Amino acid sequence: MKVRGAAGGIGPAGQKIAQMMFRSLKTFFSTLVEHERLSPAVSKLQLATAALLTRVATVHIEMSQARRAKLHAVLRSHFDLDDPATAMLLEESAAVDRTAVDLYRFTRQLNQFLNDESRRRLVRMMWEVVYADGRVNELEDNIIWRVADLLGVTTRQRVELRQQIAPDRFALLAGIASRHFHQGVAAPAVTKSR
């Protein structure tokens, strides 16, 4: 297939390829515009949620594989997305998170779209992500407290949501400790974080 003509111009095959590419780009952009027109709130909601969860997951370290997998699973389930759409959302959210100066940008958008129950669900999702690798430090605890406060989730609700997630981790550690005890191996200490 010859794309360029003898004089350096585009030949018939090149023109056909250019037309197909133009139609493809036109379809792509019209699909994006239509999606934004039909559900701009959903797109902004998804991006703000994903960016906030990314911020929480990476507040003091690079995101662990366990947290990355949990974040993917939580967003996929919560927004009913397929794997490629979830991966794209995470990629966009990481870019948005890098440019954000503070948490208020995300929480302001989320407060526009979420009711009280959805705000509590978001705080629960934050706990799920940070507990994915079993490590929650004071900085992560503090950022979740600040976000919950900005979302209007009370201290009592935030603590209850943490306890809904945390007992699973402690039950797992207790089960491991019990198995080690029955096998005559010293069990690791199980301590409950605040």
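These legends walk through a few close-up views of a predicted model. Residues are numbered from 1 along each chain as its sequence is written, and side-chain values use heavy atoms, with hydrogens and water left out. Because the model is predicted, local features need pLDDT of at least 70 and side-chain atom pairs count only at pLDDT 80 or more, while totals for chains, interfaces and linings use all residues.

**View 1. The whole chain is helical in its pattern, α-α-α-α-α-α-α-α.** DSSP gives 8 helices and 0 strands; helices are H or I runs of at least four residues, strands are E runs of at least two, and both are numbered from the N terminus. Of the 194 residues, 33% are buried, where buried means under 20% relative accessible area, exposed over 50% and partly exposed in between, with a 1.4 Å probe and protein chains only. Contacts are heavy atoms within 4.5 Å, and among those with a separation of 6 or more, 63% join residues 24 or more positions apart. The chain exposes about 12,200 Å², with carbon and sulfur atoms supplying 57% of it (Shrake-Rupley method, 1.4 Å probe).

**View 2. The largest nonpolar core has 40 residues.** Such a core is a set of buried Ala, Val, Leu, Ile, Met, Phe, Trp, Tyr and Cys residues joined through side-chain atoms within 4.5 Å. L53, L75, L110, L122, V123, W127 and I144 have the most contacts inside it. Two or more residues come from each of α2 (40-57), α3 (65-79), α4 (83-99), α5 (104-113), α6 (116-130), α7 and α8 (155-182), and α2 gives the most, with 8 residues. Leaving out residues up to four places away in sequence, W127 touches V136, D141, I144, R158, L161, R162 and I165.

**View 3. Helix α7 covers residues 138-151.** Its 14 residues reach 20 Å from first C-alpha to last, close to the 20 Å expected, taking 1.5 Å times one less than the number of residues. Buried here are E140, D141, I143, I144, V147, A148 and L151. They sit on the same side of α7, because they cover an arc of only 165° around the axis, counted from the directions from the helix axis to the C-beta atoms. The face turned away from that buried side carries the exposed residues E138 and D149. At the start of α7, a side-chain oxygen of N137 comes to within 2.9 Å of the backbone nitrogen of L139. After the helix comes G152, with a positive phi near 80°.

**View 4. Helix α3 also has a buried side.** The end C-alpha atoms of this 15-residue helix are 21 Å apart, which agrees with the 21 Å it should span at 1.5 Å a residue. R67, L71, V74, L75 and F79 are buried. Their arc is only 100° around the axis, so they lie on the same side of α3. Over on the other side, Q65 and S77 are exposed. D80 follows α3, and its phi is positive, near 55°.

**View 5. Q46 and A87 belong to helices α2 and α4.** Q46 counts as buried because its relative accessibility is 15%. Setting aside neighbours within four places in sequence, Q46 is in contact with F79, L81 and L89. A87, at 39% relative accessibility, counts as partly exposed. From C-alpha to C-alpha, A87 and H72 are 7.3 Å apart in space, with their positions 15 residues apart in sequence numbering.

Conventions. A polar contact is a pair of N or O atoms within 3.5 Å; within protein, one must be able to donate a hydrogen and the other to accept it, and residues adjacent in sequence count only if both atoms are side-chain atoms.
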